[in-house]
Amino acid sequence: MTTPTRRKTGFVYAEQFMWHDTQRYNLLIAPGLTVQPGEHAENEETKRRFRNLVAATTMEDELLRIKARPATEPELLRFHSQKHISTLDALCKSGGGEAGGKTPVGPASFDIARLAVGGVLEAVDAVIGGTVDNAYVLCRPPGHHAERELVTGFCLFANGVLGIEHARAVHGLKRIAVVDYDVHHGNGAESAYYDDPDILTISMHQDNLFPPGRGAVDHSGAGAGAGANLNIPLFPGSGSGAYRAAFDQLVVPALRAFKPEMIFVASGFDAAALDPLGHMMLSSQDYAYMTNSLLGIADEFCAGRLLMTHEGGYSAAYVPYCGLAVLEAMSGHATGVDDPFLGFIENYGGQALQPHQQMAIDRVAAHRASLGG
Ligand SMILES: [Zn+2]
């Protein structure tokens with residue numbers, strides 16, 4: 001075994017991220033006469049337990065803390081409309097409620113969402129400025145479903161897109177790639193850059209899960225951006241073999257051909273085996289595999305520049321171990337903590353690449369070949 005490369009990894013976390021109140025929904029359904037109030041899927045517990053596992057291990061001393069700050073209105077306006085910002089602000093000031101697309105908010109959510117965006121922007125500055133090699137932003141609310149004027153899928157502002165716009169506007173970066181391994185489609189970045197040849201957007205997701213009708217293979221960009229949007233829809237039940245094959249056969253070659261100056265990752269852990277919203281079978285080691293693969297590309301083309309924003313992942317029990325495995329890969333620091341679920345998940349039937357899963361990958365490759373890419 002080769003010794004992992006040690007890297008300076010920045011970490012953004014604010015306790016206030018945990019105070020974004022998603023109300024007493026039943027998973028993602030608003031309460032009613034036949035719907036008992038419960039917990040919204042996107043509540044603070046999963047992320048807080050990830051942060052707590054970091055604190056309980058030697059990872060705590062390894063990470064370089066980056067402090068979040070509220071994003072300014074001009075920074076939000078780099079992608080969102082004034083109407084989007086004002087509507088959300090007014091809803092929160094009125095006490096909160098359903099902001100759209102199964103996304104309830106509380107009185108403080110607007111300010112907390114601004115803090116999450118600002119955390120991403122500070123991480124961008126740190127990575128490009130060289131005070132860290134890479135960074136992980138453990139923020140709430142998540143961002144990868146938010147579009148210019150659309151709140152949906154528990155996302156208020158497009159954290160990652162706003163980070164990319166910051167990297168372009170302030171630091172002059174030209175070519176940036178987004179890799180979204182959240183189990184849901186990365187519609188936010190796709191909508192932002194569909195006709196933009198300078199931003200390569202890649203989304204691996206469960207086929208037609210959320211948003212409905214998005215993420216199809218032939219949605220591959222338009223105009224000058226034709227070919228610069230790569231959707232990889234995978235069958236429910238895909239596990240280690242399918243994801244690693246899709247990464248090796250599609251994601252890595254696309255990144256190599258594109259030669260990005262920086263890689264953004266929408267880091268959702270809802271393709272993990274124990275997730276209540278996704279139907280995939282990944283383990284912490286599969287997330288480490290994908291991270292190591294991305295770090296290799298970042299070393300080759302981007303001087304190591306890689307930034308992850310935390311997105312979905314709804315298993316409070318398991319997300320912390322997936323997150324820790326990613327941080328271990330990013331920093332090259334092994335905590336020695338064993339994933340207590342690993343043996344159980346690796347033993348699932350169908351973890352090896354299945355013929356129908358390879359067919360799904362081949363279909364994407366054939367579409368790319370037809371575009372000349
Ligand atoms: Zn998700």
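This briefing introduces a zinc site and a strand with its two pairing partners. The structure is a predicted model. Its zinc ion is held by Asp-182, His-184 and Asp-270, while strand β1 covers residues 9–12 and pairs with strand β5 and with strand β2.

**The zinc site**

- Asp-182 contributes two OD donors to the zinc ion, His-184 gives its ND1 atom, and Asp-270 adds an OD atom.
- These contacts span 2.0 to 2.7 Å.
- Along the sequence, the donor residues follow the spacing D-x1-H-x85-D.
- The angles between the four donor atoms run from 53 to 155°, so the arrangement counts as irregular. For a tetrahedral label, all angles would have to lie between 85 and 135 degrees.

**How covered the donors are**

- Asp-182 has a relative accessible area of 0%, so this residue is buried.
- His-184 is buried as well, because its relative accessible area is 8%, and the cut-off for buried is under 20%.

**Strand β1 and its two sides**

- In a regular strand, side chains alternate between the two faces of the sheet.
- In β1, Thr-9 and Phe-11 point one way, whereas Gly-10 and Val-12 point the other way.
- All of these β1 residues are buried.

**The neighbours of β1**

- Strand β5, residues 134–137, runs parallel to β1 and is joined to it by four bridges.
- Within that pairing, Asn-134 of β5 sits opposite Thr-9.
- Strand β2, residues 64–66, also pairs with β1 in the parallel sense, here over three bridges.
- Arg-65 in β2 is the bridge partner of Phe-11.

Note on methods: Residues numbered from 1 in each chain as written. Predicted model: local features only at pLDDT ≥ 70, side-chain atom pairs only at ≥ 80, totals over all residues. Heavy atoms only, no water. Donors = N, O, S within 2.8 Å, 3.2 Å for Na, K, Ca; no water. Tetrahedral: all angles 85-135°; square planar, octahedral: opposite > 155°, others 65-115°. Buried < 20%, exposed > 50% of the residue type's maximum accessible area, 1.4 Å probe, protein only. Pairing = 2+ DSSP bridges.
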